[in-house]
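Welcome to a short tour of a two-chain model. Have the sequence and the 3D view open, and follow along helix by helix.

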Amino acid sequence: MKTSTISVEGLREENERKLRQIVERSGKTPAELYAEREKRLLDAIALREPDRVPVTMGGGYFAARYAGLTASAAYYDPAAFKEAVKKTALDFEPDASWGAAATGGSGRALEILDAKQTRWPGGTLPEDVGHQFIEGEYMKEDEYDLFLNDPTDFTLRRYLPRVFGALAPLAKLPPVMAMSGMGAPGIVQLFLDPEFRQLGATLTRAAEEQQEYFRVMVTLQQEMADLGFPPVTRGGGLGLAPFDVLSDMYRGMRGSMLDMYRRPEKLLAACEKIFEQRNSREMPSTIPGLMFAPDSSGSLKSVFLPLHRGAQGFMSKQQFETFYWPGLKKTLLDVIDRGNVAMPFFEGHFDDRLEYLLELPKGKVVCHFEHTDMARAKAVLGGHFCIMGNVPSSLLQCASPAEVEEYCKNLIEACGKGGGFILTHGSSIDEAKPANLKAMVDSVKKYGAY
Amino acid sequence: MTASAVSAEELRQENEKRLRQIVERTGKSPEALYEEREARIRAAVELRVPDRVPVVLGGTYFAARYSGLSLASAYYDAPTWKEAFKRMILDFEPDATGTGGAMSSGLVQEILGARQMRWPGGTLPPDVGHQFVEGEYMKEDEYDLFLEDPSDFIIRRYLPRVYDALAPLAQLPSPSIWLGSGAFAASVPIFAAAEFQQLFETLVRAGQEEERWRQTAHGLDEELAALGFPASAHGMGAGGAPFDVVSDSLRGMRGSMLDMYRRPEKLLAACDKILSWRLARTPPPDPERRGNPKIAATALHRGSQGFMSKKQFETFYWPGLKSAILASIELGYVAEPFFEGRWDDRLEYLLEIPAGKMICRFSETDMAKAKAVLGDSFCLMGNVPASLLQAGSPSEVEEYCRKLIAVCGKGGGFILRSSTDSLDEAKPANVRAMVESAKKYGSY
């Protein structure tokens, strides 16, 4: 990929200048601004009225583009990408930032591992195209029993070889239980094949690339805080609905949907297994990732849960009640029990199934909606949960600033009443016009005062 | 370890000479002798009357000593040790060859830092037989992990405890968090740690060494068959008692015995897990491989009288063992459980296995009682005491064998064998007396 024409140093200097301007204009230090913004968010989450409606905004590929980089910077040039994320926050001044949300880590590490389950800008996609997740039947229909009885064996010998070309040799291994030999050095079988001798070197190279990437990126949250911007979610990690794990990662949409008809018991048993595994282990509810790195600061901890297949467009209400909600509910309760606020992102439409959410404890969930009717969400959930949403990506990309402002004004009127509302975009903003985003962020200052 | 006093080449030439002598003396080819010997075993297994009582001889360390090698040769000098084993067989001429097992590469064990075993020339002096080192390699609170995700337990808990070199595996996150490729990629930096680089290098070295070892150590059964001697076993089939896996390898004797009182359900669930895993994966015998019948030999440890009550046996031991034996039979094997220790008061359980499908190999069990209870149903095998073979005189051994044949040989269905193949210290003259007694007193 080509090197960016924007220098990191140039971006950094510009960011410093902007921060000085903000401080001068507002007469407040970054720490004071941070506290003010965070209080605004915490008030909304706790269903109190803040001084005005808070607004959050992502960074990701929009930030890269906005700063004159390509989307691939998120994978290949973490130092510049980081400055771009900061620049976006400093220019738009939201109350909280989604920060590095778009990144999947080091592009070079993905190349070395020959990642198949994702395509990414500058790697297996052009430099300016956002990443794509490649669904497939990475778990075959006849592999439920192996997954249920010996999940790690499934992960090592079936799953990882399918999602990473570099790990293909693992598929040749005998079962781990057999390799253990229970007394004999069966593990050595692993390294009899010359292909395996490569494996260690490959992992080491990928590790070094990823480590370097993380070294640069890991300070982003702190650097954003130093500029006065809190993260939208922090500390608790990333949560997932068990059905989504199965559908997104293992069986694919087609597989999981057929399974609801053909092998519902296995499907439910697998969801239960996924829940137990993720919630009984030393890394509860979380998978490692950048923006989801553990955070020991004293602030409110929250867990981000992107939800996919439970929406109206994917399954009936009866299927939702059987296959999706029980696992999601248990996951959310577990997240809450561990002292977090749950931040599920309900992608798609959830209009006809909002009532289920009332089974969750008041004030412990922030419901982020994409296409759900926000007036209905406010009517059903208002007073029980803070809701967050949902300026359409299409509007931010294609409409005029005035149309965006109008949308936001109406949204604030419908949802802002009595507090418990956070304004944000409905989904990704990769192609949004800066002026439209500006209109969105500024609308709370104009229409959001309590 | 010390260098061998005798070379593989010298032994090979001697073995060729001996084979020629046997062919000359008997007037039969090795193939004909193989068939004759295997037919003898087969008749005994099928409860028919052979021409005479067959006799089996094995012994990893006896073979080494008999040729003047150190016991360490079985771990460090496979070519020489193999010739020594062949020499033992050619000199004593049993009807089938017993265990030449427990052979593994000492260098691989050294590279891996094996802790669950001590072996001659490695962590033991060159002339001391190997020892299995039991321990609580699975802690009492790890049953759930083993039950829910056995491979995770093996990789992150078991292997780091039984091999020093695999200790870094304990630092891995649970593979259960690798739900998507992103999660794996995000945890990949752990492999940059110096310990993991060291681990990869160690495993590559161990792999190369193992490959070298296999090139020299494999094929003994085929070589013995070419000399006219059938193997007495053709694999493990579905194995022995799941309880023994828990007790020997995971929880240790102390742990497993306490578990019978403190967490019987978990213990039984673990036995079930091991059993169902085996049942799902054990292949049928390889039809390409020599051997008729195909015999699945397994050693049984903790089910004997000395280790557990009959009631405990019935609860914890027998159900799993029975299922494993039945599975081996179903696959086409004749099962050959080696009932170590004493089984006098629990022989009746064995009658639940289909007649003619099992060889009951005994160590210290009362053979007259075994014949009375099991004689109509199963071939018996045993049980000349290792102590007698070590400390007795040839005439005492002969006397023991004569009586044993008189009691157990009646009507066929009996194979003479030492009480164990661990004949580390047996006198050659006594071993000869045992093998010869089958020929002297065993004719029908």
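Let us begin with a well-behaved helix. In chain B, helix α1 (residues 8-26) has 19 residues and covers 27 Å from its first C-alpha to its last, close to the 27 Å expected at 1.5 Å a residue. Just after α1(B) comes B:Gly27, which takes a positive phi of about 70°. Please keep in mind throughout that this is a predicted model.

Now turn to chain A for a contrasting case. Helix α12 (residues 242-262) of chain A spans only 19 Å between its end C-alpha atoms, while a straight helix of 21 residues would span 30 Å at 1.5 Å a residue. Where is the kink in α12(A) centred? Look at A:Arg251, the centre of a kink of about 120°. Here are the two helices together:

| Helix | Residues | End-to-end C-alpha span | Expected span |
|---|---|---|---|
| α1(B) | 8-26 (19 residues) | 27 Å | 27 Å |
| α12(A) | 242-262 (21 residues) | 19 Å | 30 Å |

**Where the chains meet**

The contact between the chains takes 50 residues from chain B and 50 residues from chain A. On the chain B side, the elements giving two or more residues are α6 (106-112), α8 (150-162), α9 (181-187), α10 (194-217), α12 (242-262) and α13 (264-281). The most comes from α10(B), with eight residues. By class, this side of chain B has 31 nonpolar, 13 polar and six charged residues.

One helix pair deserves a look of its own. Helix α8 (residues 151-163) of chain A packs with α8(B) at an angle of about 75°, and their axes are 5 Å apart. Angles of 65 to 115 degrees count as roughly perpendicular, and α8(A) and α8(B) are therefore roughly perpendicular to each other. In this pair, A:Thr152, A:Asp153 and A:Leu156 of α8(A) meet B:Ser151, B:Asp152 and B:Ile155 of α8(B). These contact residues comprise two nonpolar, two polar and two charged.

**Inside chain B**

The domain assignment splits chain B into domain 1 (1-103 + 219-444) and domain 2 (107-207). The C-alpha centres of domain 1 and domain 2 of chain B lie 31 Å apart. Their contact takes 23 residues from domain 1 of chain B and 19 residues from domain 2 of chain B. On the domain 1 side, α4 (73-76), α12 and α13 of chain B each supply at least two residues. Which helix gives the most to that side? The helix to find is α12(B), with seven residues. The domain 1 side as a whole divides into eleven nonpolar, six polar and six charged residues.

Conventions: Residues are numbered from 1 along each chain as its sequence is written. Chains are lettered from A and ligands numbered from 1 in the order in which they are written. This is a predicted model: local features need pLDDT of at least 70, side-chain atom pairs count only at pLDDT 80 or more; totals for chains, interfaces and linings use all residues. Two residues are in contact if their C-beta atoms, placed from the backbone, lie within 7 Å. Helices (H or I, at least four residues) and strands (E, at least two) are DSSP runs, numbered from the N terminus. Ala, Val, Leu, Ile, Met, Phe, Trp, Tyr, Cys and Pro count as nonpolar, Asp, Glu, Lys and Arg as charged, and the others, Gly among them, as polar. The expected span of a helix is 1.5 Å times one less than its number of residues. The bend at a residue is the angle between axes fitted to the seven residues ending there and the seven starting there. Axes are lines fitted to C-alpha atoms, for helices over the stretch in contact, and angles run from 0 to 180 degrees between N-to-C directions. Angles under 35 degrees count as roughly parallel, over 145 as roughly antiparallel, 65 to 115 as roughly perpendicular and the rest as oblique. Domain bounds come from an automatic or database domain assignment.
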